[in-house]
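Below are some notes for a colleague who is opening this entry without having seen it before. Please keep the sequence and the model side by side while going through the numbered points.

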Amino acid sequence: MRIALAGLQHETNTFAPGLTEAEDFLAPGGWPKQSRGDEIEAALAGTSVPMAGALRVLKHTDITAVPLLWTMALPSGRVRHAAFEALADEIAGRLQDQLPVDGLFLELHGAMATTEDDDAEGALLGRLRTLVGPDLPIVVALDLHTNLSARMVAAADQMFAYLTYPHIDMADTGARAMKRLLELAKGAPRPAKAFRQMAYLLPLVAQGTGSSPVEGLYRAAEARTDVDTMITLGFPLADVPDAGPALAIYAESQDAADAAANETLQQWTQAEPQFHAHLCTAAQGVEQAMQIDKHPVVIADVQDNPGGGGSNDTTGLLHALIEAKAEGALLVHIADGEAAKAAVDAGVDAVLDISVGGRTDPESGAPVPGPWRVVAVGDGQFTGVGPMYAGASIEMGPVALLEQAGVRVIVAGRRMQASEPALIHHLGLDPAELPILCVKSSVHFRGAYEKMASEIILVAAPGRVTMDLASLNYSSSRRRPASA
Ligand SMILES: [Zn+2]
């Protein structure tokens, strides 16, 4: 038996300026590089991405893995349509060259929008279904932030989304999808499907799967063993018709699928008033953190989350830390390649009269002026140890730890969500020992820091990853922001 596999991931923030280009898919910071054919297994080995989990299922079996392409770009603005088309052409072309196969495994984000298509995954899946015909099983592993469309559900026999946010089950999701694909390839009957979309959009901070009401709703779905339930919470910073939470039910009969879908939809509809986002200003968050004695207080700068298309260089929280003289606080991190290079060139103990951050767009806030003392520098190459990036070879480019008025900030050339303690270790610090640890992340930071944090404070300094969805001008989305 031969199983073809491909991966293509991008989470598109349609409100972010600029386009995502072909070269952005070559080397996404913190994630494996673009790879094709025989190079894929080695490129993904030991990483946490879904296709790595899927490939592990095929190991030690007599099934032949036929990897086609794996590629990802960091969350950002719409993908230039020609760049998407080139990647779709390559997947389709490589698949065609390998036919016949017995099944197709796909790892997709589920929230990719191009300059010409709001539902890029729907387009890709439709195209691949046409190519292989109606009989070949296709199973897909998706991100929890998928903006699920009818076109996607129709083209795939079954789909599996991450069950966790922070995403600590990416490889497991790939493994679950692959196991199901093998059942279908060996002749198990195709499931009946039902697809429903919730009537609202959820801000990212209301989506944590360890928090109420999401935790309880997921548990209710898991307890239901007569059907397979897939829930996606949606990526709300996308002005596309399918943005928002949705569900797909897979069952033995259409009646069973529809009944379960209606019941699950009702549970989510009733839960809407319970979704909430408790946020304060950066100044309030810093003041509150400084009154807590127990280490470390974690402050999350939730609206500058590069994992949601944030610029990773907003300065609202850094200004607030300096103004409050938050001695010993660390901010991870500001993407500012110029500052990082200047610090590395000058060396440890140099004092630099440079500004940090605030370079990307006016929304990033004013750059933070010096003088900055260089506390530590690094080459930015390390191996991930946190639950999301464990085993990944990470290349951030030159990185530096700068200090002013007792406040420390890491600067680096690349964007990366602050869910990876290895970056902090790399510059000689231990996150558990810090009085205040500030992270640019909405929810993923919880995977690495929730257990060690004495308290978590969410602050809403200005940034592109807004939690106040009512402030955005949605023109295509059919759904309204939840009451949060
Ligand atoms: Zn996600």
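1. K440 and D304 are both buried, and in this predicted model the two residues form a salt bridge whose closest N and O atoms are 2.8 Å apart. K440 lies in the loop between β19 (436-439) and α13 (445-449), while D304 lies in the loop between β11 (297-301) and α10 (316-323), so the pair ties together parts of the chain that are 136 residues apart in sequence.

2. How many salt bridges does a search of the whole structure find? The search finds 26, and one of them joins R151 to D119, with 3.2 Å between the closest N and O atoms. This pair links distant parts of the chain, since R151 sits in helix α5 (residues 150-155) and D119 in the loop between β4 (103-108) and α4 (120-132), 32 residues apart. The two partners may be looked at separately for their accessibility: R151 has a relative accessible area of 38% and is partly exposed, whereas D119, at 10% relative accessibility, counts as buried because the cut-off for buried is under 20%.

3. A salt bridge is also formed by R373 and E403, whose closest N and O atoms are 3.3 Å apart. Here the link runs between two strands, R373 being in β14 (residues 372-378) and E403 in β17 (residues 399-404), and the pair connects distant parts of the chain that are 30 residues apart. R373 counts as partly exposed at 32% relative accessibility, while E403, with a relative accessible area of 18%, is buried. Elsewhere, R36, E90 and R94 are joined into one network by salt bridges that share partners.

4. The zinc site deserves a careful look. Its protein donors are D143, which is listed twice with an OD atom, H145 through ND1 and H167 through NE2, and these atoms lie 2.1 to 2.7 Å from the zinc ion. Along the sequence, the donor residues follow the spacing D-x1-H-x21-H, and both D143 and H145 are buried. Why is the site of the zinc ion, with its four donor atoms, irregular? The angles among the four donor atoms run from 52 to 146 degrees, and because four donors count as tetrahedral only if all angles lie between 85 and 135 degrees, and as square planar only if opposite donors are over 155 degrees apart, the site fits neither description.

5. Turning to aromatic contacts, the structure holds five aromatic pairs. In the pair of F15 and Y474, the ring centres are 5.4 Å apart and the planes stand at 90 degrees, so the arrangement is edge-to-face. F15 lies in the loop between β1 (2-9) and β2 (35-36) and Y474 in the loop between β20 (455-459) and β21 (480-481), so this contact ties together parts that are 459 residues apart in sequence. F15 is partly exposed, with a relative accessible area of 29%, whereas Y474 is buried at 19%.

6. Y200 and F275 form a tilted aromatic pair, with 5.7 Å from centre to centre and 50 degrees between the planes. Y200 belongs to strand β8 (residues 200-201) and F275 to the loop between α8 (254-271) and α9 (282-290), so parts of the chain that are 75 residues apart in sequence are tied together. Both rings belong to buried residues, with relative accessible areas of 1% for Y200 and 2% for F275. Ring pairs link these two residues with Y218 and W268 into a cluster.

7. M230 can be related to one member of that cluster, Y218: the two residues are twelve residues apart in sequence, and their C-alpha atoms are 9.6 Å apart in space. M230 lies in strand β9 (residues 228-232) and is buried, with a relative accessible area of 3%.

8. What forms the nonpolar patch on the surface? The patch is made of V344, V348 and V377, which together have about 190 Å² of accessible area. V348 is placed in the loop between α11 (337-346) and β13 (351-352), and with 45% relative accessibility this valine counts as partly exposed.

Key: Residues are numbered from 1 along each chain as its sequence is written. This is a predicted model: local features need pLDDT of at least 70, side-chain atom pairs count only at pLDDT 80 or more; totals for chains, interfaces and linings use all residues. Side-chain values use heavy atoms; hydrogens and water are left out. Donors are N, O and S atoms within 2.8 Å of the metal (3.2 Å for Na, K and Ca); water is not among the atoms, so sites may look incomplete. Four donors count as tetrahedral if all angles lie between 85 and 135 degrees; four count as square planar and six as octahedral if opposite donors are over 155 degrees apart and all others between 65 and 115; anything else is irregular. Buried means under 20% relative accessible area, exposed over 50%, partly exposed in between (1.4 Å probe, protein chains only). Patches are made of residues with over 30% relative accessible area and no salt bridge: like charges are joined within 9 Å, nonpolar side chains (Val, Leu, Ile, Met, Phe, Trp, Tyr) within 5 Å. Accessible areas come from the Shrake-Rupley method with a 1.4 Å probe; for residues, only the protein chains shown count as cover. A salt bridge is a side-chain nitrogen of Lys or Arg within 4 Å of a carboxyl oxygen of Asp or Glu. Helices (H or I, at least four residues) and strands (E, at least two) are DSSP runs, numbered from the N terminus. Rings of Phe, Tyr and Trp (its six-membered ring) pair if their centres lie within 6.5 Å; planes under 30 degrees apart count as stacked, over 60 as edge-to-face and the rest as tilted.
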